[in-house]
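Reader: I have the model open at the bench and want a close look at a single part. Take me through the core of this protein, then work outwards to what surrounds it.

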Amino acid sequence: MALSFTTTANSPVGNFRLATSLVSLDNSYPTGGYALPASTWGFSQIVAVFVRASAEFSQNRLVRWNRATNTLQVYTALGTEAAGASDQFTFFAAVTVLGR
């Protein structure tokens, strides 16, 4: 499986576009995080990603965007990334993506 995106907004902001999506995770977390292809939102480049975890998610998971690798990473505790192939299927987060 892979990430599932439900985009709720995609609007121009100056020379950029701002998209907001609900991201559902899957049952096989890839080591190093989930790739975030810019093409998901019709962008050629991602400039920034802002992550808001759901209430259920924030109880026992942390999510961050790794700019260097352009991945969405899941942590089970501060400084502890989720294990490769672990099940994150019941978790989701809202992401706001700034791109071109």
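Author: **The core and its surroundings**

The largest nonpolar core has 20 residues, and among these Leu-36, Trp-41 and Ile-46 touch the most other members. Several strands feed this core: β2, β4, β5, β6 and β8, the last spanning 92-99, each give at least two residues. Keep in mind that this is a predicted model.

Start with Trp-41. Its relative accessible area is 5%, so Trp-41 is buried, the cut-off being under 20%. Now look at what Trp-41 touches beyond its neighbours within four places in sequence. The contacts are Phe-5, Thr-7, Asn-10, Ala-19, Ser-21, Leu-36, Ile-46, Val-95 and Val-97. Leu-36 and Ile-46 are on that list, and they also stand with Trp-41 among the best-connected members of the core. Asn-10 and Ala-19 both touch Trp-41. They are also tied to each other, as Ala-19 in β2 is the bridge partner of Asn-10.

Next, the rings. Across the whole structure, a search turns up three aromatic pairs. Phe-5 and Trp-41 make one of them, edge-to-face, with 5.2 Å between centres and 80° between planes. This pair connects distant parts of the chain. Phe-5 belongs to strand β1, while Trp-41 sits in the loop between β3 (34-35) and β4, and 36 residues separate them. The two differ in exposure. Phe-5 has 24% relative accessibility and so counts as partly exposed, whereas Trp-41 is buried. Then there is the pair of Tyr-29 and Tyr-34: the ring centres are 5.2 Å apart and the planes meet at 80°, so this pair is edge-to-face. Both of these tyrosines are shielded. The relative accessible area is 1% for Tyr-29, which is therefore buried, and 4% for Tyr-34, which is buried too. Back at Trp-41, ring pairs join Phe-5, Trp-41 and Phe-43 into a cluster.

Now the sheet. Four strands form an open sheet in the order β1-β2-β8-β4, paired antiparallel. The edges are β1 and β4 (46-53); each has a single partner strand, so one side of each lacks a neighbour in the sheet. On average, neighbouring strands here are turned by 20° against each other, direction ignored. β1 and β2 (residues 16-24) run antiparallel and are joined by nine bridges. In a regular strand, side chains alternate between the two faces of the sheet. Phe-5 lies in β1. So does Val-13, as this strand covers residues 4-13. Val-13 has a relative accessibility of 40%, and therefore counts as partly exposed.

Then move to β5 and β6. β5 covers residues 62-66 and β6 covers residues 71-77. These two strands pair in the antiparallel sense, over five bridges. Four residues lie between the strands of this hairpin, and Asn-70 takes a positive phi near 50° there. Val-63 sits in β5, and its bridge partner in β6 is Val-74. Val-63 counts as buried because its relative accessibility is 17%, under the 20% cut-off.

Which distances separate Arg-52 from Val-63, in sequence and in space? They are eleven residues apart along the chain and 8.1 Å apart in space, C-alpha to C-alpha. Set Val-13 beside that. Val-13 and Arg-52 are 39 residues apart in sequence, with 20 Å between their C-alpha atoms.

Finally, step back to the whole protein. It has one helix and eight strands. From the N terminus, the order of elements is β-β-β-β-α-β-β-β-β. The radius of gyration is 13 Å, close to the 13 Å that the globule rule gives for 100 residues, so the protein is as compact as a globular protein of that length. Along the principal axes, the C-alpha atoms fill a box of roughly 40 × 25 × 25 Å. Of the 100 residues, 39% count as buried. What share of contacts between residues at least 6 apart in sequence joins residues at least 24 apart? That share is 64%. The ring pair of Phe-5 and Trp-41, 36 residues apart, links distant parts of the chain in this way.

Note on methods. Residues are numbered from 1 along each chain as its sequence is written. This is a predicted model: local features need pLDDT of at least 70, side-chain atom pairs count only at pLDDT 80 or more; totals for chains, interfaces and linings use all residues. Side-chain values use heavy atoms; hydrogens and water are left out. Two strands pair if DSSP finds at least two bridges between them. Buried means under 20% relative accessible area, exposed over 50%, partly exposed in between (1.4 Å probe, protein chains only). Axes are lines fitted to C-alpha atoms, for helices over the stretch in contact, and angles run from 0 to 180 degrees between N-to-C directions. A nonpolar core is a set of buried Ala, Val, Leu, Ile, Met, Phe, Trp, Tyr and Cys residues joined through side-chain atoms within 4.5 Å. Contact means heavy atoms within 4.5 Å. Rings of Phe, Tyr and Trp (its six-membered ring) pair if their centres lie within 6.5 Å; planes under 30 degrees apart count as stacked, over 60 as edge-to-face and the rest as tilted. The radius of gyration is taken over C-alpha atoms; the globule rule is 2.2 Å times the number of residues to the power 0.38.
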